[in-house]
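This report looks at how the parts of one chain are arranged around a bound ligand. It begins with a single residue and then widens the view.

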Amino acid sequence: MTRRISLTQYLIEQQRQHGHIPQELRLLIEVVARACKRIAISVTKGALGEVLGTAGSENVQGEIQKKLDIIANEVLIEANEWGGHLAAMASEEMEGIYLVPNRFPKGEYLLMFDPLDGSSNIDVNVSIGTIFSVLKKAEGSKGVSEDDFLQPGKQQVAAGYCVYGPQTTLVLTFGAGVAMFTLDREQGSFVLTQEGVKIPEDTKEFAINMSNMRHWDAPVKRYIDECLAGEEGPRGKNFNMRWIASMVADVHRILTRGGVFMYPWDRREPNKAGKLRLMYEANPMAFLVEQAGGAATNARQRIMDLTPTQLHERVAVVLGSKNEVERVTAYHLDSAQ
Ligand SMILES: O=P(O)(O)OC[C@H]1O[C@](O)(COP(=O)(O)O)[C@@H](O)[C@@H]1O
Ligand SMILES: [Mg+2]
Ligand SMILES: [Mg+2]
């Protein structure tokens, strides 16, 4: 039975007893969690809060922004800019980095986020979320620029997401395992509901958008064909499929019961490495998944080893149960020889 302590107590424990995090980082995560609570309130209001529908604008990736994309972005910026722990922020919804204004105290951390993941699910009342990643500015670097953000994911000091579903759940890692916290709405606080989250190494469940099948590369097609062949095929077992179209919800299922998630490169936009974004979608999820004993690659290399060259860089993603991720990756490496 998991100890029912609050997020604040858990964070203090991580700082004081285990020495896993400095005080500044603890306070930063508290601010992010508070922002997620505010976003959860807007999400829950739905049509009553007039937060559904499009905002009539586009983000830097040319995607139509939903009202909630913008609301969530503003909530995260507003909550974090006065916190005193950050040098700058970057978001899916902003083209450049956001420097903490001079009127606020500053810190050494860099915060990146996908304020609202799974935007296509907002209006249809299906789970969505917020994904975030924390880096530290290189020591001695004066000021802050976009270059400070271009660090490989293995340098993340914290990462997490908050899924707004039937329950609102915050999932966190500081590089010493994964913990989950459920929002107790009566108390208004996140309560620890699982520690030491582990993803089983094997699975019979995959997640991929099958409508893109005709655009896939041969190794992806091979892997999925083998899953679909079931007991009679080379895998000798039947597979189930799930695709929520909110990465946050698909990854949450994988952290809860295992599985493999794939958003591979495909021929629709051959010049792009993939659909998902490296710095505020793939890296934080890869950090969580690895900390839970799973694996995350771009179908060839470990995601957290990739050095980004742009803030909004895209990447192919294969993550989840270790043995399946290794299999998909091996199929790609074999085909390249
Ligand atoms: O609609 P598709 O092509 O299946 O893509 C779904 C994927 O796109 C995303 O929604 C992208 O996230 P955003 O909503 O933040 O743009 C992922 O969460 C999800 O896995
Ligand atoms: Mg997203
Ligand atoms: Mg988004």
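## A glycine and its surroundings

Leaving aside residues up to four places away in sequence, Gly118 touches Ser127, Ile128, Gly129, Ala245, Ser246, Met247, Val248 and Ala249. The model is a predicted one, and in it Gly118 sits in the loop between E5 and E6. Because Gly118 has 21 C-beta neighbours inside 10 Å, and 20 or more are needed for that class, this glycine counts as buried.

According to the UniProt annotation "binding site", which comes from an unreviewed entry, the covered residues are Asp117, Gly118, Ser119, Ser120, Asn209 and Lys275. Lys275 is found in the loop between strand E13 (260–263) and strand E14 (276–277), and, not counting residues up to four places away in sequence, Lys275 touches Tyr263 and Arg314. With 20 other C-beta atoms within 10 Å, Lys275 is buried as well. The two annotated residues are set side by side below.

| Residue | Loop | C-beta neighbours within 10 Å |
|---|---|---|
| Gly118 | between E5 and E6 | 21 |
| Lys275 | between E13 and E14 | 20 |

## The ligand shell

Which residues come nearest to ligand 1? Of the 13 residues around ligand 1, these are Asp117, Ser119, Asn209, Ala245 and Met247. Sorted by class, the shell around ligand 1 consists of three nonpolar, five polar and five charged residues. Both domains contribute to this shell, since at least three of its residues are drawn from each of domain 1 (7–194) and domain 2 (205–336).

## The two domains and their contact

The domain assignment divides the chain into domain 1 (7–194) and domain 2 (205–336), and the C-alpha centres of these two domains lie 24 Å apart. To the contact between them, domain 1 gives 37 residues and domain 2 gives 29 residues. On the side of domain 1 that touches domain 2, the elements that give two or more residues are strand E5 (109–117), strand E6 (128–136), helix H4 (146–149), strand E7 (158–164) and strand E8 (168–173). E6 gives the most to this side, with five residues. By class, the residues on the side of domain 1 that touches domain 2 comprise 17 nonpolar, 15 polar and five charged.

Conventions: Residues numbered from 1 in each chain as written. Chains lettered and ligands numbered in written order. Predicted model: local features only at pLDDT ≥ 70, side-chain atom pairs only at ≥ 80, totals over all residues. Domains from an automatic or database assignment. Contact = placed C-beta atoms within 7 Å. Helix = DSSP H or I, 4+ residues; strand = E, 2+ residues; numbered from the N terminus. Nonpolar A, V, L, I, M, F, W, Y, C, P; charged D, E, K, R; others polar. Near = placed C-beta within 6 Å. UniProt positions renumbered as here; feature names shortened; annotations may be inferred. Buried ≥ 20, exposed ≤ 12 C-beta atoms within 10 Å, placed from the backbone.
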